[in-house]
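Q: Could you take a close look at one part of this model for me, the spot where aromatic rings gather? I'd like the cut-offs spelled out too.

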Amino acid sequence: MTVPRRSDALRNRASILRAAEELVAGGTTPSPARIARLTGLGQATVYRHFPDRRALLLTLARKHLGLLADAAEANADDPAAFRALLHAVMAYQVSMRPLVDELRRFPEPDQRGHARRLLDALRGPFDRSQAAGYLRHDVVLNDVLVVLTMLQAAVDRSPDPRRAIPVLLDGLFLPERDQAVTGER
């Protein structure tokens with residue numbers, strides 16, 4: 001049985017997650033002490049909501065996967081939406097580097113679960129995009145993980161990893177279809 005949370009507890013949890021996102025976006029790995037300073041809450045309050053950094057980071061990652069799933073559902077009728085969704089995932093990977101770095105250090109079951117949830121969110125848009133001829137016919141959904149691994153190498157080694165995003169995307173999509181959609185030649 002789930003006990004409903006008080007409204008102040010819900011506000012505190014939301015504040016903790018916002019602070020964690022702000023820290024990660026700023027290039028810092030969130031810690032209970034940093035979050036407490038940023039939110040004005042006590043460290044005990046942070047620990048009450050998230051007993052360790054792993055729980056906090058997994059919650060943050062799941063929140064963003066939920067947003068991705070919502071965006072995929074909202075664009076369910078658009079077979080061209082997969083490129084924009086994958087671009088958003090890649091931009092998130094670059095901009096949220098501390099979170100991605102921490103997730104890469106998690107145990108394999110956590111990493112596999114996160115990858116599975118990501119692919120589940122992208123499966124419908126991927127299938128529709130491929131059926132409509134936007135994606136190469138020989139690309140499979142698991143290739144998305146390969147592309148994200150390649151992007152991670154760029155994040156780790158490049159002064160401007162965002163430059164790798166269009167290059168990697170262009171390897172998945174059919175150029176003729178992109179030209180027809182964008183009007184470019």
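A: Here is a walk through the ring cluster and a buried neighbour. Bear in mind that this is a predicted model, where local features need pLDDT of at least 70, side-chain atom pairs count only at pLDDT 80 or more, and totals for chains, interfaces and linings use all residues. Residues are numbered from 1 along each chain as its sequence is written, and side-chain values use heavy atoms, with hydrogens and water left out.

The structure has two aromatic pairs (rings of Phe, Tyr and Trp, the last by its six-membered ring, with centres within 6.5 Å; planes under 30 degrees apart are stacked, over 60 edge-to-face, the rest tilted). Phe82 and Phe126 sit edge-to-face, 5.4 Å centre to centre with 85 degrees between the planes. Phe82 belongs to helix α5 and Phe126 to helix α7, so this pair ties together parts 44 residues apart in sequence (helices are DSSP runs of H or I, at least four residues, numbered from the N terminus). Phe82 and Phe173 have ring centres 6.1 Å apart and planes at 35 degrees, so that pair is tilted. Phe173 is in the loop between α9 (164–170) and α10 (175–182), so here the linked parts are 91 residues apart. Ring pairs thus join Phe82, Phe126 and Phe173 into a cluster.

Both Phe82 and Phe126 are buried, and so is Phe173 (under 20% relative accessible area, 1.4 Å probe, protein chains only).

Now for Ser129, also in helix α7 (residues 108–131). Ser129 is buried, at 0% relative accessible area. Leaving out residues up to four places away in sequence, Ser129 touches Pro79, Phe82, Tyr134, Leu135 and Phe173 (heavy atoms within 4.5 Å).

Methods: Helix = DSSP H or I, 4+ residues; strand = E, 2+ residues; numbered from the N terminus. Buried < 20%, exposed > 50% of the residue type's maximum accessible area, 1.4 Å probe, protein only.
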